[in-house]
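I'm opening a fresh page for this one. My plan is to look at a couple of helices, then at how the chains sit against each other.

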There are 4 protein chains.
Amino acid sequence: MKPNRLNAVVDGVFAIAMTLLVLDLPRPDNTAHVAHDLEVHAAAYIAYLVSFATLSVVWLEHHGMMLAVRRTTRYFIEITFVFLLFVALLPWPTALMAEFANDSVPSGLVTFLYTATMLLIALSLTGSWAYLSRRPGVLVDDLAMEFRRSIRRTAGVCLLYLVAMAVAVISPVASLCIDGAVVLFLAVTRTPLERAEAMMDGELDRSAP
Amino acid sequence: MKPNRLNAVVDGVFAIAMTLLVLDLPRPDNTAHVAHDLEVHAAAYIAYLVSFATLSVVWLEHHGMMLAVRRTTRYFIEITFVFLLFVALLPWPTALMAEFANDSVPSGLVTFLYTATMLLIALSLTGSWAYLSRRPGVLVDDLAMEFRRSIRRTAGVCLLYLVAMAVAVISPVASLCIDGAVVLFLAVTRTPLERAEAMMDGELDRSAP
Amino acid sequence: MKPNRLNAVVDGVFAIAMTLLVLDLPRPDNTAHVAHDLEVHAAAYIAYLVSFATLSVVWLEHHGMMLAVRRTTRYFIEITFVFLLFVALLPWPTALMAEFANDSVPSGLVTFLYTATMLLIALSLTGSWAYLSRRPGVLVDDLAMEFRRSIRRTAGVCLLYLVAMAVAVISPVASLCIDGAVVLFLAVTRTPLERAEAMMDGELDRSAP
Amino acid sequence: MKPNRLNAVVDGVFAIAMTLLVLDLPRPDNTAHVAHDLEVHAAAYIAYLVSFATLSVVWLEHHGMMLAVRRTTRYFIEITFVFLLFVALLPWPTALMAEFANDSVPSGLVTFLYTATMLLIALSLTGSWAYLSRRPGVLVDDLAMEFRRSIRRTAGVCLLYLVAMAVAVISPVASLCIDGAVVLFLAVTRTPLERAEAMMDGELDRSAP
């Protein structure tokens, strides 16, 4: 099976999850105190931003992975649906972040659930890499080295989320900062496969990014 | 007509239905008793999981079917829309499961409606197979034997859902277990068409799944 | 510009509008009277069904039209967005039908708005046909005759919706019946372009549909 | 990386944002005064229309831009996700417009937020143009002149939105009129790239639009 249709479902779920986030964005209660109301809900707006940015970079990681996949198997599709389960779930803890913030400080327990969902997304992505690395037949090329690096990359992200979960109960704000740092790290670094592709295109020799 | 655009609508409806499920996932009432609140709504979370997993494996069945379809006819598109009607409906009984659970035990009548929706999904898929098996002109190849097997497979699923509906009024939990067992059965077994394709690829000779 | 991306947006809006309909489907108030509650909301369930079926057959009409379009122009895309505006609007009057039914009889004024939205969908589709018929350069082939027939077909549907709007204020149920009859008419008849295509495929000579 | 999958996500987010707008469209309170209720919410219906039309013409601008993009880079995809963040956000200020209108006059502060979101959409689109104009390697052809014109076009739109934001605090209605005028301007004029394409097709020599 070619990966086109699977990609269509993945793109659909990402697009919908990213757009559904807006439904739970808190609205000011009255126009007299809009500025104050927006300030009170600061934690919710930051959680919205972190969730949207996380889905963006995770999509980029998945997109990078699929560049190497020539055809899909039933098991790979099933791992992808587990991955989508957690992607589609993210609006739920994001809405909880908005609901249970106290004086613009998010609740520790809710931040724990929020980061746990991100960990599950990262874990299922690591699982996809691990599965693919044992099935060279479905790949476009021999990319063993890039795959080992990719597994290390996503496993590192999982580790960071574990730290963020432990931190959540002590300081929810610090935990959110780690979640945001993961996004920044994934945004400014290329995946191993992208780097390989960019080298072939002679892109990395250029000074511009 | 080529099936590309029909697939786009099918993939869209599945992606949306799978992501909309999250909107009715119950939220804890206050942070003091998050753990307790999550426990109270256990039936809702299990129903969410079963619905998501059912849509995943049904998508896989539909995807497997479309591999054999070379071009679509008006009647086939119309059967597909009936199928999509029930797929798009699934978030409704899933939300009812969340609403009417009592001490984390789902209501019998609601479980009946929930499983009935799944039966309608399976029935319309069986209808698609039956229609295709009488129209070899729209198929990529002569697959008569695989088609008979596929009809038996989906008809078997319909039968299991009928049993689950009868069980629902006595024990909703047992009924949900049958729904979950159907998902597991469809997840671990290949469809007849996939098996035929995998054999051609020499995949079934390999030890790995 | 090739029509691929425009089709992607059209398919997306249809898939979402069809799936969003479920969000406003009334839910029974308590499990003791589920059967009674479902009966009270009968008008809402029928409106849901008519809306879903209307979007299905309208998608089929649009799909049939796009088979003839080789490339798109800015004006054609803009007409298509007007068409999508009304398609995306349909869940709104459908929700009103659910809200303002009295003893399972829908409100006359709301049925009027509901059918008016369908008229606007049909009118914008007729506009697309009319635009295309004056721009043979964007079409795959000379299809002047099929186009005249298609304009008559959609214009006829507009007329039926006008009748249904007039009837709505007297008998909402009769008006809904006309809306349903339009769906049936569009479902059982082929569009002129499809008939031309089917004839080329030698399909109309076969006895099976 | 080819732009196909990025386009799929963009088309998905636009289709969903356009369709989600309908969820916050105000509903009349009772059937006795439907006409009166619809009049009271006039500002909400106009905001719905302006938002839908803005997303339509912005999609057209983005679609026109992507015609020139042969392959995507990580940075370009990230700019696109910033663009999508603001596109997906638009239903939020649109819902505020519906909520805080007073006697069908929208609130000044909310109109300010509403137009600010549109400015952010236009700014991120201008950023995409600016990035592309410095990376000729990702483009299908040498289009330097068309790119300079396109940057000026979107930068002009940004300027108009800035004016509309300043006007919002004095007269929300005048501000909404400017937002509507931007839509009309973008709808009736071709983008520089489209004009170049149309000239090659000999389309501009024809009298019909």
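**Entry 1: a helix on the inside.** I began with α1 of chain C, and 15 of its 17 residues are buried, so this helix is largely enclosed by the rest of the structure. A note to self before I go on: this is a predicted model.

I then checked the length of α1(C), which runs over residues 4-20. At 1.5 Å a residue it should span 24 Å, and its end C-alpha atoms are 24 Å apart, so the two agree.

**Entry 2: another helix in chain C.** Next I looked up α7, residues 144-170 of chain C, which has 27 residues. From first C-alpha to last it reaches 40 Å, close to the 39 Å expected at 1.5 Å a residue.

Which residues of α7(C) are buried? I jotted down the list: C:Glu146, C:Phe147, C:Ser150, C:Arg153, C:Thr154, C:Val157, C:Cys158, C:Tyr161, C:Ala164, C:Met165 and C:Ala168.

**Entry 3: where D meets A.** Now for the chain contacts. I find 35 residues of chain D in contact with 44 residues of chain A. About 3,400 Å² is buried between chain D and chain A, and carbon and sulfur atoms give 67% of that area.

How many salt bridges does the rule find across the interface of chain D and chain A? It finds 4. One I looked up joins D:Asp24 to A:Arg27, with the closest N and O atoms 3.1 Å apart. I also noted 10 residue pairs in polar contact between chain D and chain A, both residues being at pLDDT 80 or more.

On the chain D side that touches chain A, the elements giving two or more residues are α1 (4-20), α4 (74-89), α5 (91-99) and α6 (108-133).

**Entry 4: laying copies on each other.** A reminder I keep in the margin: two copies of a chain are related by a rotation about an axis and a shift along it. I tried chain A on chain B, and a rotation of 90° with 0.0 Å of shift along its axis superposes them, RMSD 0.0 Å. These two copies are thus related as by a four-fold rotation axis.

Do chains A and B meet through matching or different surfaces? Only 9% of the interface residues of chain A are also interface residues in chain B, so the copies meet through different surfaces.

Then I took chain D and chain A. A turn of 90° and a shift of 0.0 Å along the axis lays chain D on chain A, with an RMSD of 0.0 Å. Here the copies use different surfaces, with 9% of the contact residues of chain D recurring in chain A.

Terms used. Residues numbered from 1 in each chain as written. Chains lettered and ligands numbered in written order. Predicted model: local features only at pLDDT ≥ 70, side-chain atom pairs only at ≥ 80, totals over all residues. Heavy atoms only, no water. Helix = DSSP H or I, 4+ residues; strand = E, 2+ residues; numbered from the N terminus. Expected span 1.5 Å × (residues − 1). Buried < 20%, exposed > 50% of the residue type's maximum accessible area, 1.4 Å probe, protein only. Least-squares fit on C-alpha atoms with pLDDT ≥ 70 in both. Contact = heavy atoms within 4.5 Å. Buried area = accessible area lost by both parts, 1.4 Å probe. Salt bridge = Lys/Arg side-chain N within 4 Å of Asp/Glu carboxyl O. Polar contact = N/O pair within 3.5 Å; in protein donor to acceptor, adjacent residues only side chain to side chain.
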